[in-house]
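Subject: Structure handover

Hello,

Here is the structure I said I would pass on. My notes on it follow below.

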Amino acid sequence: MSSSSSASAVPPEDDVCSVCHDRFRIPCQANCSHWFCGECIIRVWHHGPAIQACKCPICRRLINLLVPANSSEQEDDPQLHRILGEIQHYNHIFGGAPRSLTQRLQDLPFFIRRLFRELMDPQRTLPLVFRARMLMMVALSAIYVLSPVDILPESVLGLFGFVDDLLILLIVFLHLAAVYRSLLLYRHGGQ
């Protein structure tokens, strides 16, 4: 099996999946040009930490894109739809596609909790640039929230005046989570 960068539409006829060592079922080609069964490579991904992309079992490069082969398999097969859905989910997370706001909101508690734990752990260190950026964002947002000068003043609008403060805090936490997520991906996956 060659690991050239050129991608082909179907796997080689005399080749087998390097995970299950059987004929390809729902063949998928990784960005490193190696072929796997769709279910096998998704199983490899689920075996490791969910936050990072899996590595190719052959060349150990990070897989950031899985391309299903052009096949004439049964379109009504529910297993095929499940595997193709998981491959699409994998590509959405690690293929560089932007994450939706709902996905970011769902991930927010996990990343903020993990960031706080890492800040409190003396054994772990965050890069100085990240710490400075984080402290600056938190300080500026705290100044805005505590300041009596607001876009929507609480003294005039009552509880509705807190909307801009909550929006500022949400934006800061979403940005912190996004930057910390990219730091984790770089640290654990080398991306």
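To begin with the helices, α1 and α2 are oblique to each other, in what is a predicted model. The reason lies in the angle: an angle counts as oblique when it is not under 35 degrees, not over 145 and not within 65 to 115, and helix α1 (residues 38-47) packs against helix α2 (residues 78-94) at about 50°. The axes of α1 and α2 are 10 Å apart. Their crossing is left-handed.

The residues that meet at this crossing are as follows:

- From α1: Gly38, Glu39, Ile42, Trp45 and His46.
- From α2: Gln79, Arg82, Ile83, Glu86, Ile87, His89, Tyr90, Ile93 and Phe94.

Sorted by class, the contact between α1 and α2 is made up of seven nonpolar, four polar and three charged residues.

Next, the sheet. It is open and has three strands, in the order β2-β1-β3, with antiparallel pairing. The edges are formed by β2 (35-37) and β3 (66-68), each of which pairs on one side only. On average, and with direction ignored, neighbouring strands of the sheet are turned by 35° against each other.

Strand β1 (residues 27-30) runs antiparallel to β2 and is joined to β2 by three bridges. Within this pairing, Cys28 has Phe36 in β2 as its bridge partner.

Both helices also touch the sheet. Helix α1 lies across β1, β2 and β3, and runs at about 90° to β2. Helix α2 packs on the sheet too, where it touches β1 and β3; the direction of α2 makes about 150° with that of β3.

The last point concerns a later part of the chain. The UniProt record, an unreviewed entry, carries the annotation "transmembrane region" for residues 128-146 and 166-186. What does the model show over residues 128-146? The chain there is 100% helix and 0% strand, and the C-alpha atoms at the two ends of this stretch are 27 Å apart.

If you open the model, the contact of α1 with α2 is one place to start, and the sheet order β2-β1-β3 is another.

Regards

Conventions. Residues numbered from 1 in each chain as written. Predicted model: local features only at pLDDT ≥ 70, side-chain atom pairs only at ≥ 80, totals over all residues. Heavy atoms only, no water. Axes fitted to C-alpha atoms, helices over the stretch in contact; angles between N-to-C directions. Helix = DSSP H or I, 4+ residues; strand = E, 2+ residues; numbered from the N terminus. Left-handed = near helix turned anticlockwise from the far one by under 90°. Contact = heavy atoms within 4.5 Å. Nonpolar A, V, L, I, M, F, W, Y, C, P; charged D, E, K, R; others polar. UniProt positions renumbered as here; feature names shortened; annotations may be inferred. Pairing = 2+ DSSP bridges.
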